[in-house]
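Biologist: I would like a close look at one part of this model, with the criteria behind each term spelled out. Could you take a single helix and set out what surrounds it?

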Amino acid sequence: MLRKIIILLLLSSCGKNIFHKDHIHNPSKDPRKNAISDPAFDNYIASFEFDYDREIGDIPINFNDLKDQKAGVCYTWSSGHAEIEIDRSYWDTATENEKTAIIYHELGHCELGRGHFDAMRKDGCALSIMNWIVIRDKCMDLHFDDYIEEMFRQ
Ligand SMILES: [Zn+2]
């Protein structure tokens, strides 16, 4: 029997790095929409900081209605500013594991400066939380320690 590979487009997260150059025209103006994070993300940010073993920089995380089935997006500007937006409808249906995965993923872009890393394990789980698709609930249970290792300890 052939196994079909199911691509979960609806669960896909592609936190795209968008490089704005607005600061060239307004060098003293902060290009971000928000100054602080929505409290809904506090626990997930704290969890990331615990695993990271340091505090994240000034990166506000807030909800927006994202297009193209994105779950989250990290914006970085050449001025050094960064901001994260999480799709509200995705968040409302995500499990705790998936919420953790998307926040870690976007902070991986915005705080750690990482790009996507799409290698897979033999069991069908991603090798990294920086996979372009949000890590599935079961895979977070199976491999969370490995994901932390891959993200922070290499
Ligand atoms: Zn991404």
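Modeller: What follows deals with helix 3 and the parts of the chain that belong with it in the description. This is a predicted model, in which local features need pLDDT of at least 70 and side-chain atom pairs count only at pLDDT 80 or more, whereas totals for chains, interfaces and linings use all residues. Residues are numbered from 1 along each chain as its sequence is written.

The protein chain has four helices and four strands, where helices (H or I, at least four residues) and strands (E, at least two) are DSSP runs numbered from the N terminus. Along the sequence these elements follow the pattern β-α-β-β-β-α-α-α.

Helix 3 covers residues 96–110, and its 15 residues reach 21 Å from the first C-alpha to the last, close to the 21 Å expected at 1.5 Å a residue; the expected span is 1.5 Å times one less than the number of residues. Of these 15 residues, 13 are buried, so that helix 3 is mostly covered. Here a residue is buried if 20 or more other C-beta atoms lie within 10 Å of its own, exposed if 12 or fewer, and partly exposed in between, with C-beta atoms placed from the backbone. In the protein chain, buried residues make up 31% of the 154 residues.

The largest nonpolar core, meaning a set of buried Ala, Val, Leu, Ile, Met, Phe, Trp, Tyr and Cys residues joined through C-beta atoms within 7 Å, has 30 residues, of which A101, I103, Y104, I129 and I135 touch the most other members. Two or more residues each come from helix 1, strand 3 (72–77), strand 4 (82–87), helix 3 and helix 4 (137–152), and helix 3 gives the most, with six residues. Leaving aside neighbours within four places in sequence, Y104 is in contact with F48, I129 and M151, where contact means that the C-beta atoms, placed from the backbone, lie within 7 Å.

F48 leads to helix 1 (residues 42–52), in which Y44, I45 and F48 are buried. These three cover an arc of only 100° around the axis, which puts them on the same side of helix 1; the arc is that of the directions from the helix axis to the C-beta atoms. On the other side of helix 1, D42, A46 and F50 are exposed. Among what covers the buried residues of helix 1 are strand 2 (61–64) and helix 3.

Methods. Contact = placed C-beta atoms within 7 Å.
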